[in-house]
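Q: Hi! Could you walk me through this one? I'm new to reading structures.
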Amino acid sequence: MHHNQSGPDLHRQSRARRAAEWVKRYRRALVLRVLYGAAYGASTTGVSLLLVWLQSRL
């Protein structure tokens, strides 16, 4: 075993595995947050566009 070579690689693999477990656990929450953020952004953008449209018609 090459100790100096496998050190960072093993660390990276364990970090990737931990990240994968975290993603699996929190995927639903992350998806909900992304959906809520997209809906909020779309609603605020729609409202601002609607206001601009109304002002342009007045």
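A: Happy to! Let's start with one residue: Arg12 is exposed, with a relative accessible area of 55%. Keep in mind that this is a predicted model.

Q: Okay, and why does Arg12 count as exposed?
A: Because exposed means over 50% relative accessible area, and Arg12 has 55%.

Q: Which residue does Arg12 form a salt bridge with?
A: With Asp9; the closest N and O atoms are 3.1 Å apart.

Q: And where do those two lie?
A: Both Arg12 and Asp9 are in helix α1, three residues apart, which is about one turn of the helix.

Q: Is Asp9 exposed or partly exposed?
A: Asp9 is partly exposed, since its relative accessible area is 39%.

Q: How many salt bridges are there in the whole structure?
A: A search of the whole structure turns up one.

Q: New topic: how many helices and strands does the chain have?
A: One helix and zero strands. Helix α1 covers residues 3-57.

Q: What share of the residues counts as buried?
A: 0% of the 58 residues in the chain.

Q: How much area does the chain expose, then?
A: About 5800 Å², and carbon and sulfur atoms supply 63% of that.

Q: Which residues make the nonpolar surface patch?
A: Val47, Leu50, Leu51, Trp53 and Leu54 make a nonpolar patch of about 480 Å².

Q: Tell me about Trp53. Where is it, and how does it count?
A: Trp53 sits in helix α1. Trp53 counts as partly exposed because its relative accessibility is 46%.

Terms used. Residues numbered from 1 in each chain as written. Predicted model: local features only at pLDDT ≥ 70, side-chain atom pairs only at ≥ 80, totals over all residues. Heavy atoms only, no water. Patch = residues over 30% accessible without salt bridge, like charges linked within 9 Å, V, L, I, M, F, W, Y side chains within 5 Å. Areas by Shrake-Rupley, 256 points an atom, 1.4 Å probe, with all protein chains shown as cover. Salt bridge = Lys/Arg side-chain N within 4 Å of Asp/Glu carboxyl O. Helix = DSSP H or I, 4+ residues; strand = E, 2+ residues; numbered from the N terminus. Buried < 20%, exposed > 50% of the residue type's maximum accessible area, 1.4 Å probe, protein only.
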